[in-house]
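Me: Could you pick one part of this model and take me through it closely? Once that's clear, carry on to the other bits worth a look.

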Amino acid sequence: MGNMRYLSETHLRGFERYKYNSIDTSFLSVYIMHPFWNSCVKYLPMWLAPNILTFVGFLMTVVNFILIAYYDWDFKAANDKSVGNTVPGWVWTVAAINILIYYNLDGMDGKQARRTGTSGPLGELFDHGLDSYSAALIPIYIFSLFGTADLPPIRMFFVIWNVFLNFYFTHVEKYNTGVMFLPWGYDFTMWGVSLMLFVATLVGPEIYRSSFYGFTVANMFEVGLIGSGILSSHPIIIRNIYLSYKNKTGKMRPMMEMLRPFFAFVWLFLITLVWSFFSRNQVINLEPRILWILYGTIFSNIACRLIVAQMSDTRCDGFNILMWPLLATVGVCCFPWYEHVFGMDLTAQGERWLVHGLTIFVTLAHWHYGYGVVSEMCNHFKIRCFKITKPSGNAVQELTETNEATKRTETTEEV
């Protein structure tokens with residue numbers, strides 16, 4: 001890492017004061033999943049670090065992405081109805097199981113932290129940071145069930161951004177209220193995705209190419225996903241932020257500061273929207289999978305920086321540094337007078353190389369950011385990410401207070 005630091009002293013002092021506060025009102029989570037996780041976590045060894053559970057769960061989503069991408073890189077495996085989906089049936093089974101592993105480990109890591117007395121800001125940041133990456137990976141699995149015939153890449157683009165918004169809005173809510181209101185949709189989405197993948201194994205993925213009076217299953221998926229956010233999530237988040245101002249229980253930021261988390265988010269959406277519609281070679285149809293990883297990686301970096309700001313009670317970024325190379329690339333790929341100025345046009349292969357190169361650069365930069373933040377927090381609190389150690393110095397009091405706060409929250413959740 002050299003001398004590069006991502007966290008200031010203000011960030012670190014803010015992490016010391018941080019107290020976890022969440023409210024979970026989902027009946028599926030409270031009455032079914034939490035009791036199940038409470039029973040399962042008792043069988044975990046006390047030496048097992050909670051972050052290992054988090055990381056293993058995340059790796060399951062990565063394995064799914066690699067596995068499905070191997071058999072369906074361009075999302076065309078389901079296009080030919082006469083042949084059927086060419087992805088082997090066992091792939092859908094493995095993907096469904098891996099999603100359930102990810103979901104359950106994600107629910108158990110916090111309980112393991114409280115059980116071992118290692119609750120703290122690092123675990124929450126590590127958990128939510130990896131979740132922001134998974135938000136880009138998981139929808140991509142479903143796209144292979146529909147193919148580009150029923151779900152063209154431009155519509156995939158809006159599905160991906162709907163998932164981004166649902167995830168990000170929850171953290172904007174916490175940035176302004178100080179409380180993590182756990183969304184109902186998360187539990188149902190995880191079970192829904194797993195069920196869809198299991199059905200692809202039992203009945204055959206061809207069922208997802210069906211249509212009813214011209215309304216395809218892909219259309220139902222889009223309407224259900226977007227509608228669930230608009231009806232069951234967004235109004236509740238807006239109401240919670242409003243009540244925090246009305247009752248003076250939140251951060252009480254001025255209007256522009258309250259909206260500041262959306263600045264980088266909207267900038268990214270607009271830049272990617274321009275590329276999707278005005279690429280000289282329609283790159284969204286040439287390399288959709290790479291584009292989703294590129295967009296998802298930059299989104300994850302924006303989300304991680306927001307999570308750092310909300311947990312350390314500092315001002316969030318209004319623009320993300322990784323969008324500068326993205327903006328330059330989009331400018332090159334969408335420049336309308338390219339041939340007139342440069343004497344040659346930008347070839348499809350050339351734009352592909354730009355997409356691949358930018359994705360590699362952005363991914364390495366984001367990984368460096370994540371590694372840097374985790375290392376700096378570990379050094380500050382005298383702990384290790386994947387090993388349970390007894391914290392020393394001023395970290396003891398902070399972690400003790402956090403444990404007490406999370407225990408009270410856990411009791412509230414399970415009442």
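Reply: One cut-off before anything else: a residue is called buried when its relative accessible area is under 20%. Bear in mind too that this is a predicted model.

Let's take helix H4, residues 89-116, as the part to look at. By that cut-off, 20 of its 28 residues are buried, so H4 is largely enclosed by the rest of the structure. From its first C-alpha to its last, H4 reaches 40 Å, close to the 40 Å expected at 1.5 Å a residue. There is still a bend in it: a kink of about 30°, centred on methionine 108. Just past the end, glycine 117 follows H4, and its phi is positive, near 70°.

H2 makes a good partner for that picture, as it has a kink as well. Helix H2 covers residues 27-41, and its 15 residues should span 21 Å at 1.5 Å a residue; the end C-alpha atoms are 20 Å apart, which agrees. Its kink, about 40°, lies at methionine 33, shortly before proline 35. Methionine 33 is also one of the buried residues of H2, alongside Leu28, Ser29, Val30, His34, Trp37 and Val41.

Next, a helix pair. H6 (residues 153-177) packs with H10 (residues 261-278) at an angle of about 175°, and their axes are 11 Å apart. An angle over 145 degrees counts as roughly antiparallel, and H6 and H10 are therefore roughly antiparallel to each other. On the H6 side, the residues making the contact include Phe157, Phe158, Trp161, Phe164, Tyr168 and Phe169. From H10, Phe262, Phe265, Leu268, Phe269 and Phe277 are among them. Sorted by class, the H6–H10 contact has 17 nonpolar residues, 2 polar ones and no charged ones.

While you're on H6, find threonine 170, which sits in that helix. At 5% relative accessibility, threonine 170 counts as buried. Setting aside neighbours within four places in sequence, threonine 170 is in contact with Met180, Phe181, Pro183 and Ile237. Isoleucine 238 is 68 residues away from threonine 170 in sequence, yet their C-alpha atoms are 9.9 Å apart.

Now for some backbone oddities. Most residues other than glycine have a negative phi. The loop between helix H8 (217-246) and helix H9 (255-259) holds lysine 248, whose phi is positive, about 55°, although it is not a glycine. Methionine 252 is in the loop between H8 and H9 too, and its phi is likewise positive, near 55°. As for exposure, lysine 248 counts as exposed at 63% relative accessibility, while methionine 252 is partly exposed, with a relative accessible area of 37%.

Last stop: glycine 331, in helix H13 (residues 323-334). Glycine 331 is partly exposed, with a relative accessible area of 39%. Proline 121 is 210 residues from glycine 331 in sequence, and the two are 39 Å apart in space, C-alpha to C-alpha.

So, back to where we began: H4 is largely enclosed, with 20 of its 28 residues buried, and its kink is centred on methionine 108.

How values were computed:
Residues are numbered from 1 along each chain as its sequence is written. This is a predicted model: local features need pLDDT of at least 70, side-chain atom pairs count only at pLDDT 80 or more; totals for chains, interfaces and linings use all residues. Side-chain values use heavy atoms; hydrogens and water are left out. Axes are lines fitted to C-alpha atoms, for helices over the stretch in contact, and angles run from 0 to 180 degrees between N-to-C directions. Helices (H or I, at least four residues) and strands (E, at least two) are DSSP runs, numbered from the N terminus. Angles under 35 degrees count as roughly parallel, over 145 as roughly antiparallel, 65 to 115 as roughly perpendicular and the rest as oblique. Contact means heavy atoms within 4.5 Å. Ala, Val, Leu, Ile, Met, Phe, Trp, Tyr, Cys and Pro count as nonpolar, Asp, Glu, Lys and Arg as charged, and the others, Gly among them, as polar. The expected span of a helix is 1.5 Å times one less than its number of residues. The bend at a residue is the angle between axes fitted to the seven residues ending there and the seven starting there. Buried means under 20% relative accessible area, exposed over 50%, partly exposed in between (1.4 Å probe, protein chains only).
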